[in-house]
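Here's a quick briefing to read with the model open in your viewer. It goes topic by topic, so feel free to jump around.

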Amino acid sequence: MATALRSIPDAALGELRSICGEAFVLTDRSARFNRARVSTAFPVHRWADFVPDVVVLPATAAEVSDIVRLANAWSLPVVPRAGGTGISDGARPLRGGILVDIKRMDQILEVDLANRTATVQPGVNMRVLTDYLRPFGLIYPDQPGSYSQSLIGGRIGTNGWSMVGGRYGHPRDLVVSFEMVLPTGDIVRVGDGGGKSIRKSSSGYQLKHLFMGHQGTLGIATEATVEVVTRPECELPAYFAVEDWMAGYRVLGTIAHEGVATLSRVFLYDGWRLEYPLSEPLDFISPGQAVPCVGFALHGIEEEVRGAGKRLMRVLSQAGGRYLGDEVSRFEWASRYDRYIQPLHLGRARDGQVIPMYGHAQDAAIPYSELPTVRQKYEQIVRSLSERHEVFLFEETAVHPNGAFRAGGDYNMELRVGIWEQRLNDESWAAWVKAKRDLAIVAIEHGGSISNGHGTVCDGEVDVLPLELGHAFEVMKKIKRTLDPNNVMNPGKMGLDAAYESEFRDDDT
Amino acid sequence: MRGWLLADQITPEPTRVANGWVMRRDGVLEVDPELMRTYVRQQDMPRWDFERIVTARQDYLQSMETHMADRVLSGAEILQQVTREAADADR
């Protein structure tokens, strides 16, 4: 396996050491190989293709700015990396270069109780922040599957989705403003207007939304001011078995339209995963209960949660739902972040033996009316893939409301696929990429979006991003070229190399 | 502190509860060791280690229950109320 530094001259390494300090410039094999992948599907057999040349761990925005200026001077790629838990490939280096790991930028800088915000460095984890806020009676309610591992900088980079966003909003709503080091090294603060804790403004362009979901292509977030909210008095999780998926689909729609303000999350699992345990939520449901399941979670003050709980339980009972009991409901809900604690699933080979599988989650946003058809098509694509290649296994589909502050409208259609990564080869990887492309096209054809919270950076889906965005993709390319004239920030991602092709430049002039 | 016990060094015997599943302790489901022979080998684990892992898991889940909110309400209790009210309305 090739491990030599490909493109970092000694003089540039020396400059990086004077910016970050000797101890925080890493060139050893372990430091670089461990930052080649994130937690999305990865062609393990081609690991060496994605190894950065050098890893740097800056501590301040000024250091990040100096690193980016150096990259421009030496024409070196820069790839930012936060928790490394992304299910898209934003932090996977495609051309070596400098990997900027932000984990040392982990300081909680300020809690502003009067204005209900916290200002943090981008390497702060959401769970750590909520633990810190407990004495103040506050929480930071951004809760992805990687809640205990991912970092606020990565949540900005991916424009992620939160499991409790139906009540509290998603990162784009919860991050009030943030500081960005631009691809030129300049430092700006973006938000709604100028004040760092202003939630809504009509001053100028709303640049926060341009940089939210930048996937490392437009710079590096170095500080964020986030919304903090009152810690709920209580929560009520409840899981119900339903007769079949369509019954679950209908009741999901009914619950969404009840207008319950304390509803943090409602979801529908199809039950396939319950054929055998996969070290994930729902493992508390015993064998024999492998049926589709609808669940919800409410948060708020007790009077509200009790009242809303009665209402939703009535809806589910009238729809034929069977309550799975307090133990299942409580522990399933409490284990909702286990996906990242237990990195390998226990899949099954065709001979029935257990195999270690990476559990991939594909995350389209789909209008409610299209969910049954899309689910059918998704399942067909993955079942056909797994028939041809034993290294893939259809696990399940899960559906959650996609929007912020209320349920209903469009939904996150999650498709779970087990991948036996150690056995991947060029042929099976090509089949996976084709399946990703086919899934993305289905989402677009049904009025949806390829990804609701992970990003569109992976092989396969990135090819069809222009199909989803239409002419807006041309605008994206112009923005990229304007802000990053030397294409140093995460080059090769999201098809944005096209912004630097001479044909595109000529069209523009 | 509990001293050394021979029983703690022995792997608890599994009971088959369904196709592909066994239990060594009430409520803790495990993959049948027969299915872990070829690609992933299951290890024998002394009872003390098994108990340690199960307890740590329960501690974690309990900590998660009070991480975001102060307390968890009982769905069973609320459902009972709903059922009672529906029965009263029928009478």
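Which residue in S6(A) is the bridge partner of Glu110(A)? That's Thr119(A). Keep in mind that this is a predicted model. The notes below start with the sheet around that pair, then move on to how chains A and B meet, and finish with a helix pair inside chain A.

**The five-stranded sheet in chain A**

- The sheet is open and antiparallel, and its five strands come in the order S5-S6-S10-S8-S9 (chain A).
- At the edges you'll find strand S5 (108-112) and strand S9 (187-191) of chain A; each has a single partner strand, so one side of each has no neighbour in the sheet.
- Going from one strand to the next, the twist averages 15 degrees.
- S5(A) runs antiparallel to strand S6 (residues 117-120) of chain A, and four bridges hold that pairing.
- On to the next pair: S6(A) and S10(A) are also antiparallel, again over four bridges.
- Thr119(A), already met as the partner of Glu110(A), stands opposite Thr225(A) in S10(A).
- S8(A) is joined to S10(A) by six bridges, running antiparallel, and here Glu179(A) sits opposite Glu223(A) of S10(A).

**What surrounds S10(A)**

- Is S10(A) largely enclosed or left open by the rest of the structure? Eight of its eight residues are buried, so the strand is largely enclosed.
- Helix H3 (residues 61-74) of chain A lies across strand S8 (175-181), S9 and strand S10 (220-227) of chain A.
- Relative to S8(A), H3(A) runs at about 45 degrees.

**Where chain B meets chain A**

- On the chain B side, 29 residues are in contact with 37 residues of chain A.
- Elements of chain B giving two or more residues to its side of the contact are strand S1 (15-18), strand S3 (28-31), helix H1 (47-65), strand S4 (71-72) and helix H2 (75-90).
- H2(B) supplies the largest share of that side, with six residues.
- By class, the chain B side splits into 19 nonpolar, six polar and four charged residues.
- There's strand pairing across the chains too: strand S12 (residues 234-241) of chain A pairs with S4(B) in the parallel sense over two bridges.
- In that pairing, Cys234(A) is opposite Arg71(B) of S4(B).

**Helix H10(A) against helix H2(B)**

- The axes of helix H10 (residues 302-318) of chain A and H2(B) come within 9 Å, crossing at roughly 65 degrees.
- That angle makes H10(A) roughly perpendicular to H2(B), and the crossing is right-handed.
- From H10(A), the residues involved are Arg306(A), Gly309(A), Lys310(A), Met313(A), Arg314(A) and Ser317(A); from H2(B), they meet Ile78(B), Leu79(B), Gln81(B) and Val82(B).
- The mix in this contact is four nonpolar, three polar and three charged residues.

**A helix pair within chain A**

- Helix H12 (residues 371-388) and helix H13 (residues 426-445) of chain A have axes that come within 10 Å and cross at roughly 170 degrees.
- So H12(A) is roughly antiparallel to H13(A).
- H12(A) makes the contact with Val374(A), Lys377(A), Tyr378(A), Ile381(A), Val382(A), Leu385(A) and Arg388(A).
- H13(A) answers with Ala431(A), Ala435(A), Asp438(A), Leu439(A), Val442(A) and Ala443(A).
- The contact of H12(A) with H13(A) has 10 nonpolar, no polar and three charged residues.

Conventions: Residues are numbered from 1 along each chain as its sequence is written. Chains are lettered from A and ligands numbered from 1 in the order in which they are written. This is a predicted model: local features need pLDDT of at least 70, side-chain atom pairs count only at pLDDT 80 or more; totals for chains, interfaces and linings use all residues. Two strands pair if DSSP finds at least two bridges between them. Axes are lines fitted to C-alpha atoms, for helices over the stretch in contact, and angles run from 0 to 180 degrees between N-to-C directions. Two residues are in contact if their C-beta atoms, placed from the backbone, lie within 7 Å. Ala, Val, Leu, Ile, Met, Phe, Trp, Tyr, Cys and Pro count as nonpolar, Asp, Glu, Lys and Arg as charged, and the others, Gly among them, as polar. Angles under 35 degrees count as roughly parallel, over 145 as roughly antiparallel, 65 to 115 as roughly perpendicular and the rest as oblique. A crossing is left-handed if the near helix is turned anticlockwise from the far one by less than a right angle, and right-handed if clockwise. A residue is buried if 20 or more other C-beta atoms lie within 10 Å of its own, exposed if 12 or fewer, and partly exposed in between; C-beta atoms are placed from the backbone.
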